[in-house]
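Colleague: Please take a close look at one part of this model and the partners around it. Begin with confidence, then widen the view at the end.

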Amino acid sequence: MKPLILNILFLILVFLAAASFRLTNLDLIEFKLDEARDVYEMELFWQNPHIIERGTIQSTGVYNPPFWYYILALISAPSRDPEYLSGAIAVINSLAIAGFYLVVKRFFGQWMGVVAALLLAFSPWSILFSRKIWAPDVLLPFVVVWFWCMSRIFSRQRVLSLDSPTAIPPSNNSGAPSVGLPAFVPPVAWCYFGLFLILGLLAQVHASGIFLAVGTAVALVAFDLRGVKTHLAGVLVGLLISLIPLTPYINYQIKTNCEDCRAFTSYQEGETIIKKGPDNNAFLRPFQFITGSGFQVALGTEGYQAFVEQNPF
């Protein structure tokens, strides 16, 4: 079978696998306070279009930037029906997983791409976080672009280190080592531009993007120490452009003498939290995501117990 036809078949397979649990049973969606609030905000926006200055509120009492609402406003233009919105977000995530397959295939080989994409397609937590009206549910498309940029930059790092006796040559589509940069990719300066544009937008969609940005910066500093110079112009331009959607939020903080700064200070002083101290769930959650456990959080203890008893397999 010709490679192009095989690639298309695998791409369709990955998309259908991702869609199988994301685009079915859309009447069974999580719809609580967060989701209802976002639908309500979109209904208000389309009744009276205006510049949205703040987004969703965090558990800290601080409002997020409005970028999530900008995305949701585009998605909700045809309809504010919760089932439609959940389905649209599920389609976006299914396409993102197909894109993830293409990225992994390009840099790590065909079969690695298929296996990694299918694992992501059938990951229970990934399914849960890809079909409801919630800001974290649109993170995956941004992360796929981030992963492409990082893979491109890292492949350059490996190529420039080929003179090292321990260097690992980059792989071609078949997974076999090959010398040289991957084909049909833009100059690396554009990768740094795209990387920091995405990181800037990610941090506005959800605060977890801030931690990803810190980790990315540490990795790039490590690359710098190995002689792979960061394109500062691409970094700065990407960051500056990513700040454009943030300007209404900054304007609001200026007008209110940084209202959210005061809310954050109150949170830090313990006025808005019941229990002080670290939350151990922060350490458990990554392992739950990997193993597909911990669904008591989503289903409730009673609902989860009933599910386990009725479906032991």
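**Helix 8 and its surroundings**

Modeller: Start with the weak stretch. Over residues 160–185, pLDDT (the predictor's confidence in each residue, from 0 to 100) stays under 50. For these residues the model has 42 contacts (heavy atoms within 4.5 Å) beyond four places in sequence. This is a predicted model, in which local features need pLDDT of at least 70 and side-chain atom pairs count only at pLDDT 80 or more, while totals for chains, interfaces and linings use all residues. Numbering runs from 1 along each chain as its sequence is written, and side-chain values use heavy atoms, with hydrogens and water left out.

Across the chain, the mean pLDDT is 85. A value of 70 or more is reached by 86% of the residues. Confidence is highest in helix 3 (residues 67–75), at a mean of 97. It is lowest in helix 14 (residues 296–299), at 74. The chain has 15 helices and 0 strands. Both are DSSP runs numbered from the N terminus: helices are H or I with at least four residues, strands are E with at least two.

Now the part itself. Helix 8 spans residues 188–205. Take its packing against helix 9 (residues 208–225). The two axes are 7 Å apart, at an angle of about 155°. Axes here are lines fitted to C-alpha atoms, for helices over the stretch in contact, and angles run from 0 to 180 degrees between N-to-C directions. Angles under 35 degrees count as roughly parallel, over 145 as roughly antiparallel, 65 to 115 as roughly perpendicular, and the rest as oblique. Helix 8 and helix 9 are therefore roughly antiparallel. Their crossing is left-handed. That term applies if the near helix is turned anticlockwise from the far one by less than a right angle; clockwise gives right-handed.

Which residues make the contact? Helix 8 supplies Tyr192, Leu195, Phe196, Leu199, Leu202 and Ala203. Helix 9 supplies Gly209, Ile210, Leu212, Ala213, Thr216 and Leu220. By class, that is 10 nonpolar, 2 polar and no charged residues. Ala, Val, Leu, Ile, Met, Phe, Trp, Tyr, Cys and Pro count as nonpolar; Asp, Glu, Lys and Arg as charged; the others, Gly among them, as polar.

Helix 10 (residues 232–242) is another partner of helix 8. The axes are 7 Å apart and the angle is about 30°. Helix 8 is therefore roughly parallel to helix 10. This crossing is right-handed. From helix 8 come Ala189, Tyr192, Phe193, Phe196, Leu197, Gly200, Leu201 and Gln204. They meet Gly234, Val235, Val237, Gly238, Leu239, Ile241 and Ser242 in helix 10. The split here is 10 nonpolar, 5 polar and no charged.

Zoom in on Leu201, a residue of helix 8. Is Leu201 buried or exposed? Buried means under 20% relative accessible area, exposed over 50%, and partly exposed in between (1.4 Å probe, protein chains only). Leu201 counts as buried because its relative accessible area is 11%. Setting aside neighbours within four places in sequence, Leu201 touches Phe67, Phe142, Ser242 and Pro245. Ile241 sits 40 residues away in sequence from Leu201, yet their C-alpha atoms are 9.3 Å apart.

Now the wider chain, for context. It has 313 residues, and 40% of them count as buried. Take contacts between residues at least 6 apart in sequence: 73% join residues at least 24 apart.

One more helix pair is worth a look. Helix 1 and helix 5 (residues 110–121) have axes that come within 9 Å and cross at roughly 10°. These two helices are therefore roughly parallel. Helix 1 contributes Leu6, Asn7, Phe10, Val14, Ala17, Ala18 and Arg22. Helix 5 brings Gln110, Trp111, Val114, Ala117, Leu118, Leu120 and Ala121. The classes are 11 nonpolar, 2 polar and 1 charged.

Leu74 belongs to helix 3. Leu74 counts as exposed because its relative accessibility is 70%. Its C-alpha atom is 9.7 Å from that of Met42, 32 residues apart along the chain.

Last, two backbone points. Most residues other than glycine have a negative phi. Asn25 has a positive phi of about 55°. Asn25 lies in the loop between helix 1 (3–22) and helix 2 (33–47). With a relative accessible area of 52%, Asn25 is exposed. Cys258 also has a positive phi, of about 55°. Its loop runs between helix 11 (247–255) and helix 12 (259–268).
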